[in-house]
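Biologist: Could you take a close look at one part of this model for me and then show me the chain around it? I'm new to this, so plain words please.

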Amino acid sequence: MQKAPRMARALAGALAAAALAGSAIQASADPVEGVDLVVNNEITLTTRAPAPAHLDGALPEVMSGWLFREDATRAMQMDDFDNPAMVFADMGRDLWGTTDGAEGKSCASCHGNIEEMRGVRAHMPRISPAGDDLWSMENFVNNCRTTRMGAEAWGWDSNEMMNMTAALSLQSRGLPVDVAIDGPAAPWWEKGREIYYTRFGQLELACSNCHQDHFGDMIRADHLSQGQINGFPVYRLKTAGLVSIHNRFKGCVRDTRAETFKPGSAEFRALELYVASRGQGLSVEGVSVRP
Amino acid sequence: MRRIATLCAPAAVSAAAITTALTILAPPVLAETAPAAIAWQDGAIAAPLTDSPGDAGRGAELMATRPLGNCVACHEIAALPAASFQGNIGPALEGAATRYSEAQLRGIIVNAKNTFDGSMMPAFYKTDGFIRPGDAYTGKAAPADLPPILDAQQVEDVLAFLMTMK
């Protein structure tokens with residue numbers, strides 16, 4: 001990226017977030033240029049997209065976290081045989097066909113092949129069927145389990161849930177993130193935006209301080225991305241397992257020396273909608289690989 | 001524009017401070033100024049927070065240690081080559097003591113937002129006014145008597161090291 005757009009970005013960002021003054025403008029360790037994310041030599045994913053109008057110029061363009069990772073990590077995501085997350089997505093696919101609960105049903109009993117779920121992830125989170133709540137993918141899954149299968153709800157960050165959301169996300173691989181932020185979703189989106197710009201914790205840092213004002217810069221050993229969620233759940237090499245969207249949020253809030261919100265909380269669902277909307281137009285990456 | 005005018009002539013690090021670094025005995029507990037009792041002048045703090053002079057050696061260590069100063073998370077500090085992975089969120093700290101007076105640097109460490117409006121730099125000697133403060137990096141709520149990230153002596157120690165950066 002050249003100097004000029006970065007400058008414009010930093011200025012626009014400062015204006016968009018009136019509560020925050022702009023920060024030092026620096027250009028180094030920027031995202032990689034001139035590379036395409038093509039999976040299995042077959043599926044080209046969109047890793048850069050024009051910033052959506054609702055961002056009011058807060059970002060010059062939206063970028064997948066993939067662009068900020070090192071060569072070896074990026075390569076792992078380009079071939080399903082090398083992508084360590086695929087094992088978990090396979091386990092999720094197995095669960096899809098596994099009977100569970102008092103009704104003696106599996107997900108497949110009603111939904112058919114898991115491929116039928118193509119498109120679902122791209123619109124998550126969205127307003128619940130009753131119209132009075134905002135649901136993440138996890139809520140939809142648990143709703144089917146408890147009300148339709150007579151099975152117990154899975155924990156938000158349980159292996160079953162993460163494997164299932166991985167398998168479901170994979171079905172939407174390549175489709176653009178497209179969440180509704182108007183109508184009944186509007187108040188949730190506003191709430192999420194407020195959280196995004198709030199400087200939490202003893203370090204008094206907002207999501208925007210790191211992921212809007214300083215993406216491309218280094219914070220200690222970490223190369224800051226825009227904090228997008230189009231690749232989730234992601235496989236983290238550090239913990240050798242999947243990480244959910246809310247668990248990632250929790251880690252980021254904790255690192256500001258703040259009291260976190262709980263995975264599944266209304267706050268994190270609102271934040272998920274807002275962050276998803278910041279990545280509007282990026283491809284759902286199914287399951288990404290991170291350090 | 002937010003950068004304040006640079007005042008100069010910082011005091012040299014005293015030989016005594018360096019000697020303290022080699023002392024194995026902990027310094028005696030001395031009077032210190034609480035965060036709320038600080039006398040500010042335009043983002044600067046003239047009076048030391050403790051009676052005991054800052055120790056540059058300890059300061060250097062604090063600046064590279066994560067739960068403490070961890071200044072290298074955001075700043076390049078060439079004088080601390082052992083601290084691997086230095087960030088570039090803020091400016092490199094080379095020559096900080098030529099750009100700011102001791103009083104200004106003390107103010108920047110205590111609460112940089114009084115110098116740089118809305119700064120991303122955390123306030124290291126502040127105990128209230130936070131939104132959902134946590135108990136260090138546990139993710140749990142902070143105790144009622146949340147301690148500052150650095151105590152008064154540690155602020156003076158970090159300052160002593162910054163004053164060597166000419």
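Modeller: Let's start with Q104(B), which is buried because its relative accessible area is 6%, and buried means under 20%. Keep in mind that this is a predicted model. Q104(B) sits in helix α4 of chain B, a helix that covers residues 102–111. Follow the side chain of Q104(B) and you'll find that it reaches the backbone nitrogen of S101(B), at 2.9 Å.

Now hop over to chain A, and to its helix α9, residues 245–254. The buried residues there are I245(A), H246(A), F249(A), G251(A) and V253(A). What do they pack against? Their partners are β10 (241–243) and α10 (266–278), both in chain A.

Zooming out, chain A has 10 helices and 11 strands in total. Of its 291 residues, 54% count as buried. Its C-alpha trace spans about 60 × 40 × 30 Å along the principal axes. A compact globule of 291 residues would have a radius of gyration near 19 Å, and chain A agrees, with 19 Å.

How do distant parts of the sequence come into this? Take the contacts in chain A between residues at least 6 apart in sequence: 70% of them join residues at least 24 apart.

Last stop, the outside and the charges. Chain A exposes about 12,000 Å², with carbon and sulfur atoms supplying 53% of that area. Chain A also carries 28 positive and 36 negative charges, and the mean positions of the two sets are 5 Å apart.

Key: Residues are numbered from 1 along each chain as its sequence is written. Chains are lettered from A and ligands numbered from 1 in the order in which they are written. This is a predicted model: local features need pLDDT of at least 70, side-chain atom pairs count only at pLDDT 80 or more; totals for chains, interfaces and linings use all residues. Side-chain values use heavy atoms; hydrogens and water are left out. Helices (H or I, at least four residues) and strands (E, at least two) are DSSP runs, numbered from the N terminus. The radius of gyration is taken over C-alpha atoms; the globule rule is 2.2 Å times the number of residues to the power 0.38. Buried means under 20% relative accessible area, exposed over 50%, partly exposed in between (1.4 Å probe, protein chains only). Contact means heavy atoms within 4.5 Å. Accessible areas come from the Shrake-Rupley method with a 1.4 Å probe; for residues, only the protein chains shown count as cover. Lys and Arg count as positive and Asp and Glu as negative; His and the chain ends are not counted. The place of a charge is taken as NZ of Lys, CZ of Arg, CG of Asp or CD of Glu. A polar contact is a pair of N or O atoms within 3.5 Å; within protein, one must be able to donate a hydrogen and the other to accept it, and residues adjacent in sequence count only if both atoms are side-chain atoms.
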